[in-house]
Amino acid sequence: MRCYRLWTLCLLSATSLVFGPQLLLNAQVIVPGTGTKIAVAGDDFEDESWAYIPNNPKSSDEDDENSRFPAGYSANRRWFEGVKRGHPDLVKRIDTPAGGLAGSKGALLLQTLRSGIPNQFLNKPMQDDFVANVISNTGGMLHVSRSPNVVCRVYLPPFEQWERRSGNTFGFRLACRGNPTRATNSEFKNSDGTETYWPGFFIWHTMPSPQRKMEESAHFILRAGPVGQDFRGPEITREQLGWWTLGLSCSPDGAVHYYAKQGIENLTPEDWIATERPYGYRCTHMETFFFNVLNQDNGRTWSTPWVIDDPSVYYTGPQINPPTVKQQTVRQQPARQQTVRQPSRSTPGASQKSAAKKKSTAGR
């Protein structure tokens, strides 16, 4: 891992010379987990009565322009269904897998079977979204002057339980707003001139190949570089499966920072992977965070069973006063008119040229 970080540091230093002078050297790096934890954002899944109300059939607006009302949502109003693609087919509180956080009794299973259009099978990789209801619960977006950051524990099961397919299988991402550093024609432009974008992690699964003498493995993919290109992150070997701690942060200088470590311990500066201004945007606000679950949409093959625990949002500076209970009830009605925009479907690993060409849509 140390060799990987040294290689990444060299790569990012070279990248900053081309796309953003002194980006890395001057970055105000924020270790995820820094500051005050927002009690009303995120979840610990400890409530034994935790439940998700799916309100199926789910949305598939991105594929057939059909937003089906009402949206799915959790009974505690901390999660909702993404309008673009719908939620995973199985959203269920389970006992925390072995080796989890001390004292944790509950975690959340995310798994999907029919990830595309309801009652249709497209027989290609598709994805569902599970979105945290941060804006409604905190009263608004989090400005980068507050150094917003998110930490989550993710359980990677034994490879025998992974979907038998090479490709992207899981995502942990932010929804951000930012100022473009060059002219764009984005469909995601907001009224204040900022544009919405979605940086974060993906996990890529590689099936074994006896012909090529390749063992089964996985690795992180990070979205995205300064022109929208995905880039490869640390490897995940069979011996490294189990709990991982992932973190994403936004600093006052508009950069996004990526952290990961094997295990459940809190993140430290040693767990830094990369610092970027994805797509060339200078971040101004963090809206929320969300998870992607992907599978081959054939009606037969379930996705890998992903388990998350204790996703938490932190900030620095003066105390945030969340809306009152009455206000929250109004703002969190289980409908699809959420203010958080959802990214268009895309597959990590696209070439830099392709990502730059299709930045306004495919790079999201």
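**Charged side chains and a buried serine in the predicted model**

Arg232 is partly exposed, its relative accessible area being 46%. In this predicted model, Arg232 pairs with Glu235 through a salt bridge in which the closest N and O atoms lie 2.7 Å apart. The partner, Glu235, is likewise classed as partly exposed, because its relative accessibility is 38% and the class spans the range between 20% and 50%. Elsewhere, Glu160, Arg164, Glu216 and Arg238 are joined into one network by salt bridges that share partners. Over the whole structure, the search returns 15 salt bridges.

Two further pairs involve buried residues. Arg223 and Asp230 form a salt bridge with a separation of 2.8 Å between the closest N and O atoms. Arg223 has a relative accessibility of 2% and is therefore counted as buried, the limit for this class being under 20%. Asp230 has a relative accessible area of 13% and is also buried. Both members of this pair thus fall in the buried class.

In the other pair, the side chains of Lys189 and Glu195 meet in a salt bridge at 3.0 Å, taken from N to O. Here the two partners fall on either side of the 20% limit. Lys189 is partly exposed at 39% relative accessibility, whereas Glu195 is buried with a relative accessible area of 0%.

Negative charge also gathers on the surface, in a patch made up of Asp44, Asp47, Glu48 and Asp95. Residues enter such a patch only if they have over 30% relative accessible area and no salt bridge. Asp44, one of the members, has a relative accessibility of 39% and so is counted as partly exposed; this value is over the 30% required for a patch. In the chain, Asp44 is located in the loop that runs between β1 (36-37) and β2 (52-53).

The loop between β2 and α3 (61-64) holds Ser60. With a relative accessible area of 1%, Ser60 is buried, because the class takes in values under 20%. When residues up to four places away in sequence are left out, the contacts of Ser60 are Glu65, Asn66, Arg68, Lys84, Gly116, Ile117 and Pro118. Charged residues are among these contacts, including Glu65, Arg68 and Lys84. Ser60 and Asp44 both lie in loops that adjoin β2, but Ser60 is buried and Asp44 is partly exposed.

Technical notes
Residues numbered from 1 in each chain as written. Predicted model: local features only at pLDDT ≥ 70, side-chain atom pairs only at ≥ 80, totals over all residues. Heavy atoms only, no water. Patch = residues over 30% accessible without salt bridge, like charges linked within 9 Å, V, L, I, M, F, W, Y side chains within 5 Å. Areas by Shrake-Rupley, 256 points an atom, 1.4 Å probe, with all protein chains shown as cover. Salt bridge = Lys/Arg side-chain N within 4 Å of Asp/Glu carboxyl O. Charge placed at Lys NZ, Arg CZ, Asp CG, Glu CD. Helix = DSSP H or I, 4+ residues; strand = E, 2+ residues; numbered from the N terminus. Buried < 20%, exposed > 50% of the residue type's maximum accessible area, 1.4 Å probe, protein only. Contact = heavy atoms within 4.5 Å.
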